[in-house]
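Welcome! Here are some short exercises, each followed by a worked solution, to help you find your way around a new structure. Have a look at the display below, then try each task before reading on.

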Amino acid sequence: MTAALAFLNVRVLHLPAAIGVTVGGLLISLLLVVLTALKVPFAQEAVELVRKIQFDEFVFQGVLSFLLFAGALSVDTHALWRLRGPVTVFALLSTALSTALVGGGTYLLLELVGLPTPLAYCLLFGALISPTDPVAVLGMLKEAHVPSRIETLVAGESLFNDGVGVVAFSVLAGVAASSAAGHGPELSAGGVLRFFLQEAGGGLLLGGFLGWLGFLALKRVDDFVTEVLLTLGVVMACTAIATHLHVSGPLAAVAAGLLMGSLTDWRPGALSSREKFDSFWHLTDELLNISLFSLLALEIVAVKFSASALLAGLIALPLVLLARSVSVVLPAAALSRAHEFEPYTRRLMIWGGLRGAISVALAFTVPAGPQRELFLVMTYVVVVFSIIVQGLTVSRLAAQAASAADPEAS
């Protein structure tokens, strides 16, 4: 099906690959819903098959680490290191600020539309929708031709802020479950800090260690197939060991990718053919990315839509964009004294901060109940708008940023 959607996109739609298969997948999902309502056996079997897929496991235990590793390999680590201050602030402060703003706003808005939801669960929605999706963002940057300094900043933030978002989500999920059980919220600064250091810090250390081992192995072979197998082994080890140690697998994959990319740049002889190596990971990235967005669109058939939930999702759209704007503008204003941002940086960070599969995967992990069904619908509304509308229009903003950065080129 993904192959058919990719073919249709190239021949008819002419959209960026991820956006094209998402649009096609949404149309197929709509068709399946209609045919299921008409009790067509094939459609009923297809919907049942999709509903059996554990989308969150497919993302977090399957493709995400490969996609993040491939994305990290392509990042200019020297440029990223020069922007380490802004990247850290945006990854930590912006995500936390957006989580609070979206959570508080969602609590008030759901009261207004007759869907009262506990504040702890509203903050949970804020945590799952606030981090920009690194897969979607990195895919957008490839298509949009963003100026290099802005690209490094946006890519760096998206690679790291999902770790912050997952930590916040895990903490708030525990609070929400405790509150629902009648025990009241249990939260302490020390507990949150320990959890963050274990998840984020442990993931980065693990990825750095495995990336260094992988580089040492690459130096001792001169065979392309073996080099590819070594890097695949590093990524799979990141996921498996991180799960066992209860640290962040995605951050481990990011750290391993950044370190191996940097060290192999520094030692070109570490790879028998850098061009073939990069081509393999580029192809892997494209195939997994397109397949992920295709499945993301299909998973809509597993969501129970209602008029009230759709209304909540439409109301959440401007709220999420407003929270993203505030969470970018305020830290950027504080950082502007020490760092000079290029024109259009804030606007590209706001409009290019796409949401994608990670938000949907986190929504699927919310305990079964009315909040899960509501958040799935709200998340899908935000994600579909983000991928299609923001993804299709950000290139114009990127062109304006490129012209402002190099007026002679325009």
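**Exercise 1.** Decide whether glutamine 371 is buried or exposed, and find its contacts.

*Solution.* Start with the accessibility: glutamine 371 has a relative accessible area of 19%. Buried means under 20%, so glutamine 371 counts as buried. Please keep in mind that this is a predicted model. Next, place the residue: glutamine 371 lies in helix H17. Finally, list the contacts, leaving aside neighbours within four places in sequence: glutamine 371 touches Thr117, Pro118 and Tyr121.

**Exercise 2.** Do the same for threonine 379: state where it sits, its accessibility class and its contacts.

*Solution.* Threonine 379 is also found in helix H17. Its relative accessibility is 0%, so threonine 379 is buried. Setting aside neighbours within four places in sequence, threonine 379 is in contact with Phe125, Leu128 and Ile129, and with Ser359, Val360 and Ala363 as well.

**Exercise 3.** Find the accessibility class of phenylalanine 385 and the residues around it.

*Solution.* Phenylalanine 385 belongs to helix H17, which covers residues 370-405. The relative accessible area of phenylalanine 385 is 23%, so this residue is partly exposed. Not counting residues up to four places away in sequence, phenylalanine 385 touches Leu317, Leu321, Trp351 and Gln390. Now look at leucine 314: it is 71 residues from phenylalanine 385 along the chain, and their C-alpha atoms are separated by 9.7 Å.

**Exercise 4.** Describe how H4 and H16 pack, and name the residues that meet.

*Solution.* Two packed helices are described by the angle between their axes and the distance between the axes. For H4 (residues 55-73) and H16 (residues 357-364), the angle is about 135° and the axes are 7 Å apart. The two helices are therefore oblique to each other. The crossing of H4 past H16 is left-handed. On the H4 side, the residues involved are Phe55, Asp56, Val59, Phe60 and Leu64; on the H16 side they are Ala357, Ile358, Val360, Ala361, Leu362 and Phe364.

**Exercise 5.** Repeat the analysis for H11 and H13.

*Solution.* The axes of H11 (residues 224-245) and H13 come within 10 Å and cross at roughly 45°. H11 is therefore oblique to H13. In handedness, the crossing of H11 past H13 is right-handed. From H11, the residues Phe224, Glu227, Val228, Thr231, Leu232 and Val235 meet Lys276, Phe277, Phe280 and Trp281 of H13.

**Exercise 6.** How many aromatic pairs are there, and what is the geometry of the pair formed by phenylalanine 69 and tryptophan 281?

*Solution.* The count of aromatic pairs is seven. In one of them, phenylalanine 69 and tryptophan 281 have their ring centres 4.9 Å apart, with 55° between the planes, and the pair is tilted. This pair joins distant parts of the chain: phenylalanine 69 is in H4 and tryptophan 281 is in H13 (residues 274-298), 212 residues apart. Check the accessibility of each partner: phenylalanine 69 is buried at 0%, and tryptophan 281 is buried at 3%. Phe280 joins Phe69 and Trp281 in one aromatic cluster.

**Exercise 7.** Which ring has the charged end of arginine 84 over it?

*Solution.* The ring is that of tryptophan 81, and the charged end of arginine 84 sits 4.3 Å from the ring's centre.

Note on methods: Residues are numbered from 1 along each chain as its sequence is written. This is a predicted model: local features need pLDDT of at least 70, side-chain atom pairs count only at pLDDT 80 or more; totals for chains, interfaces and linings use all residues. Side-chain values use heavy atoms; hydrogens and water are left out. Rings of Phe, Tyr and Trp (its six-membered ring) pair if their centres lie within 6.5 Å; planes under 30 degrees apart count as stacked, over 60 as edge-to-face and the rest as tilted. Helices (H or I, at least four residues) and strands (E, at least two) are DSSP runs, numbered from the N terminus. Buried means under 20% relative accessible area, exposed over 50%, partly exposed in between (1.4 Å probe, protein chains only). A charge sits over a ring if NZ of Lys or CZ of Arg is within 6 Å of the ring centre and within 35 degrees of the ring normal. Axes are lines fitted to C-alpha atoms, for helices over the stretch in contact, and angles run from 0 to 180 degrees between N-to-C directions. Angles under 35 degrees count as roughly parallel, over 145 as roughly antiparallel, 65 to 115 as roughly perpendicular and the rest as oblique. A crossing is left-handed if the near helix is turned anticlockwise from the far one by less than a right angle, and right-handed if clockwise. Contact means heavy atoms within 4.5 Å.
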